[in-house]
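Me: I would like to go through this structure by question and reply, with the reasoning spelled out each time.

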Amino acid sequence: MGLALDEARAALATGDVPVGAVVVGPGGAVVGTGRNAREAAGDPTAHAEVLALRAASVTLGRWRLDDCTLVVTLEPCLMCAGATVLARVPRLVLGAWDPKAGACGSQWDVVRDRRLNHRVEVVGGVREDECGAVLRDFFAGHRTG
């Protein structure tokens, strides 16, 4: 989670919402990293999780990440939860829960939906206070009035 937090903090330089993600491979090495880059890339799909999954796929030379763990500082949204399922990731470790848009147990539970062909184990609340503080500080600086 420390590496994911480093990625989240790096997103601040481009004005992106500070969310970071890493994919840990079967041997315990980091095989992909990502940080929110919607502002930097002008891409609505440039979420930390999607970028980390893409990087892991390139590193491993395959789309099926069925022996990896995705670690992310904020509970994934619908798109990222769907990407996690489609990549066949077996385990998701998340920091802060997202009660407004979270799709891994808060608003929806896409990753454990029995109607899908793959389900993801969710380990939540890892360094939750620290992950949440990075986001709270970011949004406090963007609020006016």
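Me: Which cysteine sulfur is closest to that of Cys80, and at what distance?
Reply: The model is a predicted one. A disulfide needs two cysteine sulfur atoms within 2.5 Å. The closest cysteine sulfur to that of Cys80 is too far for a bond: it belongs to Cys77, at 3.8 Å.

Me: How many disulfides does the structure hold?
Reply: Cys80 and Cys77 do not bond, because their sulfur atoms are 3.8 Å apart. Cys104 is in no disulfide either, the nearest cysteine sulfur, that of Cys77, being 8.7 Å away. For the structure, the number of disulfides is zero.

Me: Is Cys104 buried or exposed?
Reply: The cut-off for buried is under 20% relative accessible area. Cys80 is buried, with a value of 0%. Cys104 has a relative accessible area of 0%, which puts this residue in the class buried.

Me: Where do Arg9 and Asp6 lie?
Reply: The two residues form a salt bridge, with the closest N and O atoms 3.8 Å apart. They are three residues apart, about one turn of the helix. The element that holds both is helix α1, residues 2-11.

Me: What is the relative accessibility of Asp6?
Reply: Partly exposed covers the range between under 20% and over 50%. Arg9, the salt-bridge partner of Asp6, falls in that class with 37%. Asp6 is also counted as partly exposed, and its relative accessibility is 45%.

Me: Which residues are linked with Asp6 and Arg9 in a network of salt bridges?
Reply: Another salt bridge joins the side chains of Arg127 and Glu130, at 2.8 Å from N to O. Arg127 is partly exposed at 40%, and Glu130 is partly exposed at 30%. The residues linked with Asp6 and Arg9 in the network are Arg127 and Glu130.

Me: In the salt bridge of Asp113 and Arg115, what is the N to O distance?
Reply: The two ends of this bridge fall in separate accessibility classes: Asp113 counts as buried at 18%, whereas Arg115 counts as exposed at 74%. A salt bridge requires the nitrogen and the carboxyl oxygen to be within 4 Å. For Asp113 and Arg115, the N to O distance is 2.6 Å.

Me: How many salt bridges does the count come to?
Reply: Among them are Arg9 with Asp6, Asp113 with Arg115 and Arg127 with Glu130. By the 4 Å rule, the count comes to nine.

Me: What is the bridge partner of Gly20 in β2?
Reply: Strand β1 (residues 20-24) and strand β2 (residues 30-35) run antiparallel and are joined by five bridges. In their hairpin, five residues lie between the strands, and Gly28 takes a positive phi near 95°. The β2 partner of Gly20 is Arg35.

Me: Why is the pair of Phe138 and Phe139 classed as it is?
Reply: The structure holds one aromatic pair. The ring centres of Phe138 and Phe139 are 5.0 Å apart. Phe138 is buried at 10%, while Phe139 counts as partly exposed at 35%. Planes over 60 degrees apart take the edge-to-face label, and these planes are at 80°, so the pair is edge-to-face.

Me: Which residues does UniProt list for the CMP/dCMP-type deaminase domain?
Reply: Over the listed range the chain is 34% helix and 22% strand, with the end C-alpha atoms 20 Å apart. The domain comes from an unreviewed UniProt entry, and the residues given there are 1-106.

Note on methods
Residues are numbered from 1 along each chain as its sequence is written. This is a predicted model: local features need pLDDT of at least 70, side-chain atom pairs count only at pLDDT 80 or more; totals for chains, interfaces and linings use all residues. Side-chain values use heavy atoms; hydrogens and water are left out. UniProt positions are given in the numbering used here, feature names are shortened, and annotations may be inferred rather than shown by experiment. Helices (H or I, at least four residues) and strands (E, at least two) are DSSP runs, numbered from the N terminus. Buried means under 20% relative accessible area, exposed over 50%, partly exposed in between (1.4 Å probe, protein chains only). Two strands pair if DSSP finds at least two bridges between them. Rings of Phe, Tyr and Trp (its six-membered ring) pair if their centres lie within 6.5 Å; planes under 30 degrees apart count as stacked, over 60 as edge-to-face and the rest as tilted.
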